[in-house]
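Student: I've just opened this one and I'm not sure where to start. Can we go through it together?

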Amino acid sequence: MDNFTAGELLEREANLKNSKLVIRGGKRLEGEIYVHGAKNSALPILAGVVLCQGESVLHNCPRLSDADAACRILNCLGCKCSRAGDSVVINSADLINYDVPSDLMREMRSSIVFLGAIIGRMGRCKLSFPGGCELGPRPIDLHLSSLRKMGVDINEEHGFLDCSAEKGLKGAVISLAFPSVGATENIILAAVRAKGHTEIHNAAREPEIVDLASFLNKCGAKIKGAGDGTIYIEGVEKLEGAEHSVIPDRIVTATYMCCAAITRGEVVLKKTDYRQMSAIVPVFEQMGCSVYTYSDDTIYINARKSLKAPGTLRTMVYPGFPTDAQPMMMALASTLTGTTVFVETIFDNRFRHTDELCRLGAKISVEGTVAVVEGVQKLSAAQVHSTDLRGGAALVTAALFAKGVTNISNLYHIDRGYANIEADLRGLGADIMRV
């Protein structure tokens with residue numbers, strides 16, 4: 001097994017930051033591709049391991065820079081982590097620390113999910129505010145106010161959170177003003193070892209929430225209602241490690257469907273989950289793509305027909321159209337006949353990628369939270385850089401269609417959510433390499 005040593009991982013990240021993708025567009029994608037495990041599921045589950053005594057094994061855990069960062073946080077806390085392929089083994093029997101260094105917190109936005117897990121295990125937690133993609137304000141007020149209801153004393157000073165629960169965590173009835181995924185995860189992680197009963201009303205319903213609850217229940221937690229608007233949790237005294245397989249990544253699935261469609265290709269996606277794609281598949285069908293499923297874990301997409309703009313797309317919380325799929329869908333829409341209107345309701349700054357798409361020849365106008373995309377017949381290669389994770393994936397999508405050779409820099413954004421994206425696309429016939 002590969003051990004997670006700080007030196008090796010830092011060297012790997014330095015190489016990623018100095019790399020770029022070189023893509024010669026115009027190649028039609030064909031063939032089969034396997035979808036890796038969900039980033040947004042693996043990270044909270046890795047945090048959840050903190051709550052367990054003994055060893056946990058996570059299969060289908062994608063090898064992403066964010067997952068590596070989560071493992072560095074676990075190592076810092078006193079866990080022992082190792083990886084073999086897509087399986088990660090974590091022994092969390094001997095936690096010795098409750099504080100997370102600020103440099104580790106800044107590596108990924110979702111690092112705040114460790115707050116609920118550490119306070120649930122140690123009764124104390126000290127960390128800084130998280131980093132990650134700059135998509136506008138993602139306040140953690142809901143996280144903090146919810147934990148305060150559960151008996152956590154929180155001091156905020158100079159960008160750090162110093163949290164303690166001297167009398168132990170206690171169950172509470174919590175109603176979220178917004179169905180925040182991160183806040184729902186933090187409450188679950190804190191509540192599973194709290195005393196008494198916790199209810200989360202207006203909880204997030206994403207499949208990743210269901211996967212986190214499934215893992216914790218295997219460890220001995222008592223969680224009901226995950227995936228619904230109200231989640232019920234009965235606290236337990238201890239959790240044991242468990243073996244679990246992370247669900248497929250629905251955003252990676254949507255990305256590769258966009259890549260297939262923009263090249264007017266024909267692709268089979270395996271090890272995915274068709275049931276998670278209820279808000280995405282109809283958009284491709286509206287464009288004129290043929291989308292079929294042979295089973296729940298296989299999706300076939302054929303985009304050989306003339307495609308047209310889908311009209312208006314409004315991002316919404318699950319089960320609505322996901323904000324994480326919007327940038328790649330915008331890249332695709334820029335090549336379709338007609339006009340597409342994107343209305344962003346989740347993040348204030350989710351259109352940062354539009355300037356880079358316009359460098360490639362896309363015709364996009366932005367006004368506040370609305371972007372209007374007029375389809376063009378061709379895109380042209382250019383030097384562009386990733387502004388954030390999904391914005392980088394949008395540039396890859398557009399470059400597959402653009403005439404000439406496109407260079408994409410700032411790959412560390414893309415590598416946060418896609419495990420070896422160039423190898424996946426090259427396997428489908430794309431002319432793409434990392435240099």
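Student: What radius of gyration does the chain have, next to that of a compact globule with 435 residues?

Tutor: Keep in mind that this is a predicted model. A compact globule with 435 residues would come out near 22 Å. The chain agrees with that, so the value you're after is 21 Å.

Student: How many of the residues count as buried, as a percentage?

Tutor: Let's set the scene with the box that the C-alpha atoms fill, roughly 65 × 45 × 40 Å along the principal axes. The chain holds 15 helices and 26 strands. Of its 435 residues, the share that counts as buried is 58%.

Student: Is Cys163 buried or exposed?

Tutor: You'll find Cys163 in strand S10, residues 160-164. Beyond its close sequence neighbours (within four places), Cys163 is in contact with eight residues, among them Leu115, Ile119, Val152 and Ile154. Buried means under 20% relative accessible area. Cys163 has 1% relative accessibility, so it counts as buried.

Student: How are H9 and H13 oriented to each other, roughly parallel or roughly perpendicular?

Tutor: The axes of H9 (residues 250-262) and H13 (residues 389-399) cross at roughly 25 degrees and come within 9 Å. Angles under 35 degrees count as roughly parallel. H9 and H13 are therefore roughly parallel.

Student: Which residues of H13 make the contact with H9?

Tutor: On the H9 side, it's Ile251, Thr255, Cys258, Cys259 and Ile262. By class, the contact has six nonpolar, two polar and one charged residues. The H13 side is made by Arg390, Ala393, Thr397 and Ala398.

Notes: Residues numbered from 1 in each chain as written. Predicted model: local features only at pLDDT ≥ 70, side-chain atom pairs only at ≥ 80, totals over all residues. Heavy atoms only, no water. Axes fitted to C-alpha atoms, helices over the stretch in contact; angles between N-to-C directions. Helix = DSSP H or I, 4+ residues; strand = E, 2+ residues; numbered from the N terminus. Parallel < 35°, antiparallel > 145°, perpendicular 65-115°, else oblique. Contact = heavy atoms within 4.5 Å. Nonpolar A, V, L, I, M, F, W, Y, C, P; charged D, E, K, R; others polar. Buried < 20%, exposed > 50% of the residue type's maximum accessible area, 1.4 Å probe, protein only. Rg over C-alpha atoms; globule rule 2.2 N^0.38 Å.
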